[in-house]
Amino acid sequence: MSRKPVCDRLDRRLLAAPSSIHGQGCFARIGFEPGEAIGTFEGVEVAEDGPHVLWVYDPERGRLTGRRGTNVLRWLNHSDDPNAEFDGFELYARRTIAVGSEITIDYGAGSS
């Protein structure tokens, strides 16, 4: 899938709102096409798991790197049929995402 870069501020693209999946969710303020960048999971690096932590394998370090989310992407909920996926800490649309849709990921993607 071709990756298209982010060209706008995250708060113009996404919002947090109550979710029918669980608690808060992350929703699209604008539409996204497959392969389009949604945003970057920002946060401080952590060594322990906890709420809003995303773990990504860092090939340069040869280990997992965790970030505790500090932006709206910390509200991403799980789906067995997600409409978005991470490549490192960058989030991309897997398929067309309409305005107002909740953006979801597979929490288990990439795990064995």
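**Exercise 1. Find which residue stands opposite Ala 16 in β2, and place that pair in its sheet.**

Solution. Looking across from Ala 16, one meets Cys 26 of strand β2. Strands here are DSSP runs of E with at least two residues, helices are runs of H or I with at least four residues, and both are numbered from the N terminus. The model is a predicted one, in which local features need pLDDT of at least 70 and side-chain atom pairs count only at pLDDT 80 or more, whereas totals for chains, interfaces and linings use all residues. Residues are numbered from 1 along each chain as its sequence is written, and side-chain values use heavy atoms, with hydrogens and water left out.

Next, consider the strand pair itself: β1 and β2 (residues 24-28) run antiparallel and are joined by 5 bridges, where pairing requires that DSSP finds at least two bridges between the strands. Stepping back to the whole sheet, one finds an open arrangement of 4 strands in the order β1-β2-β10-β7, with mixed pairing. Because β1 (14-18) and β7 each have a single partner strand, they stand at the edges, and one side of each is left without a neighbour in the sheet.

**Exercise 2. Describe the chain as a whole: how many helices and strands does the chain have, and what share of its residues is buried?**

Solution. Begin with the elements, which number 1 helix and 10 strands; along the sequence their pattern reads α-β-β-β-β-β-β-β-β-β-β. Of the 112 residues, 38% are buried, a class that means under 20% relative accessible area, with exposed meaning over 50% and partly exposed lying in between (1.4 Å probe, protein chains only). The accessible surface amounts to about 6600 Å², and carbon and sulfur atoms account for 50% of that area, as computed by the Shrake-Rupley method with a 1.4 Å probe.

Then turn to contacts, meaning heavy atoms within 4.5 Å: of those between residues at least 6 apart in sequence, 58% link residues at least 24 apart. Finally, check the confidence, given by pLDDT on a scale from 0 to 100 for each residue. Its mean over the chain is 90, with 89% of residues at 70 or more, and strand β10 (residues 102-105) has the highest value at 98, while β5 has the lowest, a mean of 90.

**Exercise 3. Examine the salt bridges: how many does the structure hold, and what parts of the chain does the pair of Arg 13 and Glu 36 tie together?**

Solution. The count is 7, where a salt bridge is a side-chain nitrogen of Lys or Arg within 4 Å of a carboxyl oxygen of Asp or Glu. In one of them, Arg 13 meets Glu 36 with the closest N and O atoms 4.0 Å apart. Since Arg 13 belongs to helix α1 (residues 10-13) and Glu 36 to the loop between β2 and β3 (37-40), the pair ties together parts that are 23 residues apart in sequence. Both partners are buried, Arg 13 at 3% relative accessibility and Glu 36 at 18%.

A second case joins Glu 45 to Arg 61, with an N to O distance of 2.9 Å. Glu 45 sits in strand β4 and Arg 61 in the loop between β5 and β6, so this pair links parts 16 residues apart in sequence. Here the partners are partly exposed, Glu 45 with a relative accessible area of 45% and Arg 61 with 44%. Arg 61 also forms a salt bridge with Asp 58, at 3.8 Å from N to O, and Asp 58 is buried at 18% relative accessibility. Through shared partners, Glu 45, Asp 58, Arg 61 and Arg 63 become one network.

**Exercise 4. Compare two loop residues, asking where His 52 is found and whether Asn 71 counts as buried or exposed.**

Solution. His 52 belongs to the loop between β4 (43-46) and β5 (53-58), and is partly exposed at 32% relative accessible area. Most residues other than glycine have a negative phi. His 52, though not a glycine, has a positive phi of about 60°.

Asn 71, by contrast, counts as buried at 13% relative accessibility, and lies in the loop between β6 (63-69) and β7 (77-78). Leaving aside residues up to four places away in sequence, its contacts are Leu 10, Thr 40, Phe 41 and Glu 42.

Key:
pLDDT is the predictor's confidence in each residue, from 0 to 100.
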